[in-house]
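Hello,

I am handing over the structure we talked about. Please open it alongside this message; my notes follow below.

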Amino acid sequence: MRGFGTTIFAEMSALAVQTGSINLGQGFPDTDGPAAMLDRAIQAITSGANQYPPGPGTPELRRAVSEHRAEHYGLSYDPAGEILITVGATEAVAASVLALCEPGDEVIAFEPYYDSYAASIALAQARLVAVTMRPVAGRFTFDPDELRAAVTPRTRAILVNSPHNPTGTVFTREELTAIADLCRERDLVAITDEVYEHLTFDGVEHISLATLPGMRERTVAISSAGKTFSVTGWKTGWVCAPAPLVTAVQTVKQFLTFTASAPWQLAVAYGLRQELEWVAALRSGLQDKRDRLMEGLAAAGFEVLRPAGTYFVQTDIRPLGFADGLELTRRLPELAGVVAIPTQVFYDHPERGRHFVRFAFCKKDEVIDEAVTRLKRLSGA
């Protein structure tokens, strides 16, 4: 782990605090989730649900996750053996990689990738093989031939994040089919990070890879409550997979955190069953915020790529005369009083993402507007 150090999110959030800058870096909302769900957590605490819940998770949440997967994707998972509750999706990814990969195995991930993936793979003493996503017709995508060429006899798994952080891409059925074909042909496991499953825009559909032919039996599907319900601090996630894969993941997970967050688990079970209309309104509001930030960034001189999902907008900084996103974001508090994330830190090949910077739009309108006003200083607009 010597090469990892402090995460870019910690660095930039600390910079925001130190400089009093607006934080459009780390992806957390500045408003709370549904009030009735928050009240359920309070009720759980005051009614005594404060001790260890069962290792696999509370039965209530496992049943609610099972119902959710069936309703939205037509997939049946047994709450008793095919669903595991985790401390957020980050633990779920780490436990899955540790459970399923041996030292020397290879795991394919699409770069830019969420930074915990590389750390989890390193902890497993496996090797990350990056397949680069590039902008094509205004959205990031990958070359299926490059993906196929990345598979070797050592490849064990493909890590698939859709909706994709940090690019905002939502993989199409055609893209997912290319991944599924490879998994079946080469007997690979797919680990899917679907935490933004409900946060897609412009009518774009999120397709779970496990729904494709032959994929349910070889997919570890991961999601969480944090992004769906704007409760990122609750750190409540889940794994859905065939029982042998869940058993393997739980074997690792029990020695990472054992279990956690009984009150949040009970509240999230309520949320999955009762608050998806609130989530639909959240999605609509986020689409408006996305458009608001995109318009402002374009007016400030950035080249803006339109995301189909997540909390994030990718920008090309070269029209403003900058070439290095890491250098710019470290200076941005001084230049404009705003914090963003340099996309290059999410690449194995940083030069391919050096000119991209990520901004988060999961903020109040007035915060977005003030950030845009400040960013216009970069171009004198």
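**Aromatic contacts**

The structure holds 14 aromatic pairs. One of them joins Y114 and Y117. Their ring centres are 6.0 Å apart, and the planes meet at 75°, which makes the pair edge-to-face. Please note that this is a predicted model.

How exposed are the two partners? Y114 has a relative accessible area of 25% and is partly exposed, because buried would need under 20%. Y117 is at 3% relative accessible area, so that residue falls under the same 20% limit and counts as buried.

The pair also belongs to a wider group. F9, Y114, Y117 and F346 make up one aromatic cluster.

**Charges over rings**

Two further rings are worth a look. R216 is placed over the face of Y77, 4.2 Å from the ring centre. At F28, the charged end of K363 sits over the ring, and the distance to the ring centre is 3.8 Å.

**Strands 3, 4 and 5**

Start with strand 4, residues 127-136. Strand 3, residues 106-111, runs parallel to strand 4, and six bridges join them. Within this pairing, F110 is opposite V131 of strand 4.

Strand 4 also pairs with strand 5, residues 139-142. Here the sense is antiparallel, over four bridges. V136 has R139 in strand 5 as its bridge partner.

What links strands 4 and 5? They form a hairpin, with two residues between the strands. A137 lies in that turn and has a positive phi of about 55°.

**The four-stranded sheet**

Further along there is an open sheet of four strands. The order is 10-11-14-13, with antiparallel pairing. Which strands stand at the edges? Strand 10 (303-305) and strand 13 (341-342) do. Each has a single partner strand, so one side of each is left without a neighbour in the sheet.

At the strand 10 edge, three antiparallel bridges connect to strand 11, residues 312-316. E303 stands opposite D316 of strand 11.

One reminder for when you trace side chains: in a regular strand they alternate between the two faces of the sheet.

**Where to look**

For a quick tour, take the cluster of F9, Y114, Y117 and F346. Then go to the hairpin turn at A137. Finish at E303 and D316, on strands 10 and 11.

Best wishes

Key:
Residues are numbered from 1 along each chain as its sequence is written. This is a predicted model: local features need pLDDT of at least 70, side-chain atom pairs count only at pLDDT 80 or more; totals for chains, interfaces and linings use all residues. Side-chain values use heavy atoms; hydrogens and water are left out. Two strands pair if DSSP finds at least two bridges between them. Rings of Phe, Tyr and Trp (its six-membered ring) pair if their centres lie within 6.5 Å; planes under 30 degrees apart count as stacked, over 60 as edge-to-face and the rest as tilted. Buried means under 20% relative accessible area, exposed over 50%, partly exposed in between (1.4 Å probe, protein chains only). A charge sits over a ring if NZ of Lys or CZ of Arg is within 6 Å of the ring centre and within 35 degrees of the ring normal.
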